[in-house]
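Good morning, colleagues. Please look at the sequence and the structure on the screen while I go through a few local features.

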Amino acid sequence: LVRRSEPERALSPSTAFFTMMVAEALQMTIILLVARPYQDALQLVKVIAFPMIAANSAGAALFMSILRDRRNLYDQVGAASTERALRIARRTLGLLAKGYSQEAAPELAKIIQEETGVGAVAITDTQTVLAFVGIGSDHHHPGMGLAPECHRAITHRDVLFLDGVHEPYRCSHTDQCKLGSVLVIPLQVDGEVIGTIKLFEPAHKRFLSINRTLGEGLAELLATQLLRARYQEQKNLLVLAELKLAHAQINPHFLFNSLTTIQAIMRRDANRARELLNHLSTFFRMNLKRSPEFSTLQEELIHVNSYLEIEKARFEERLSVEIDVDPSMLQVKLPTFTLQPLLENAIKHGISDKLEPGTARIHAFWEGSTARIDVEDDAGSYFERNEKKTDGLGLGIVEKRIRNLLKGDSGITVACDPHELTRVTIRIPGAEARS
């Protein structure tokens, strides 16, 4: 049956029943063929044939049924264990995104106890108990020092199991503690032990091996989630550091040029100089006060407008600006400090190199549910000059922040017609739902 790719029939009670029936019938036939005298053999077969064929066939069927039920039970237990592990992963993912802390520990302990069904759960760091839920919570309190078994598990970086029979578990706080066994699992993240997870059972209840296996797998799962959260935090910090670096490089340079321009204009048009100072003040105020992550398109345009007014004063008739934005897009959210670096690239690396006047454009419109924002210049030289430098502080940092903060298919594309047009396109799918 296995060779014929029918393994399920091999475990069928009916298959076992008929196979044993044939085997016992064959045995009776052999007795009649080889036993002498024949009449005695025949009498023997008449007596034993029916009970042996019936009893052994039924016994084989019953035995196969037990084996099949046992296998099915293993499958059900394995499926239930996998389902519990997935539920724990789903319930703890958002919780651990904030890190392994005293604030997250009580909820984490509660989730583990609910899903494993053990008597009690404790969460510790390497010094103190962060949370305790379940039996014994009247004398096990957060803030207490670690028990000896925790120190052993942390020191040896290995799972410690005290079953209460071969290895006794004794509560270090009171002799009346009802807990009789404990599983201590060190939590290792990136090779460093950051704490332990402790699963307890009361003295009158056996510690199930499935809970022991689940507990050990759970520690690996949580460690992976914490490592992912740590990586994401470092990634966010890196992008934020790059943003601050861009601010640090752009602001002094822009401030110096702006003050020089305003100083020159002040001699011939004091009112215009005052307006430019207001724009400069607005530009730096928004740099300081805006969220480090998201701004609306409207806020980005206000920020950019202040920048462009000062740049138009610098370049005078050599620079014109066109802004065409669908009003329904003003509340679309995009990463802070997105438009200004792109416009600066368009002006600094494109229009400023032209002998004749140039135009910078911002065009924002819908493509279905996707928000599209085009930043253009009519010089067509930026991409040609910088196509091998897309990791710079302008286009590079905008690309990183869009992909990091917006996820999905959000991103930037660049198109260039040399000496005619450079267009940087930002696409934000599903922006209509987020706006």
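Valine 34 is exposed in this predicted model: its relative accessible area is 60%, and the exposed class begins over 50%. The residue belongs to helix 2, which spans residues 13-34. Together with Leu26, Ile30 and Leu33, Val34 makes a nonpolar surface patch of about 410 Å². On the spacing of such residues, a general remark: an α-helix has 3.6 residues a turn, so residues three or four places apart point the same way.

I turn next to glutamine 43, which lies in helix 3, residues 38-96. Is glutamine 43 buried, exposed or partly exposed? Its relative accessibility is 46%, so glutamine 43 counts as partly exposed. Eleven residues along the chain separate glutamine 43 from leucine 32, and their C-alpha atoms are 9.7 Å apart.

The remaining features concern helix 5, residues 148-156. Which residues of helix 5 are buried? They are Glu149, Cys150, Ala153 and Ile154. Viewed down the helix axis, these buried residues fall within an arc of 135°, and therefore they line one face of helix 5. The face turned away from that buried side carries Pro148, Thr155 and His156, which are exposed.

What do the buried residues of helix 5 pack against? Their partners are strand 1 (120-124), strand 3 (160-162), strand 4 (179-189) and strand 5 (192-202). Finally, please note arginine 157, just after helix 5, where phi is positive, at about 55°.

Terms used:
Residues are numbered from 1 along each chain as its sequence is written. This is a predicted model: local features need pLDDT of at least 70, side-chain atom pairs count only at pLDDT 80 or more; totals for chains, interfaces and linings use all residues. Side-chain values use heavy atoms; hydrogens and water are left out. Helices (H or I, at least four residues) and strands (E, at least two) are DSSP runs, numbered from the N terminus. Buried means under 20% relative accessible area, exposed over 50%, partly exposed in between (1.4 Å probe, protein chains only). The arc is that of the directions from the helix axis to the C-beta atoms. Contact means heavy atoms within 4.5 Å. Patches are made of residues with over 30% relative accessible area and no salt bridge: like charges are joined within 9 Å, nonpolar side chains (Val, Leu, Ile, Met, Phe, Trp, Tyr) within 5 Å. Accessible areas come from the Shrake-Rupley method with a 1.4 Å probe; for residues, only the protein chains shown count as cover. A salt bridge is a side-chain nitrogen of Lys or Arg within 4 Å of a carboxyl oxygen of Asp or Glu.
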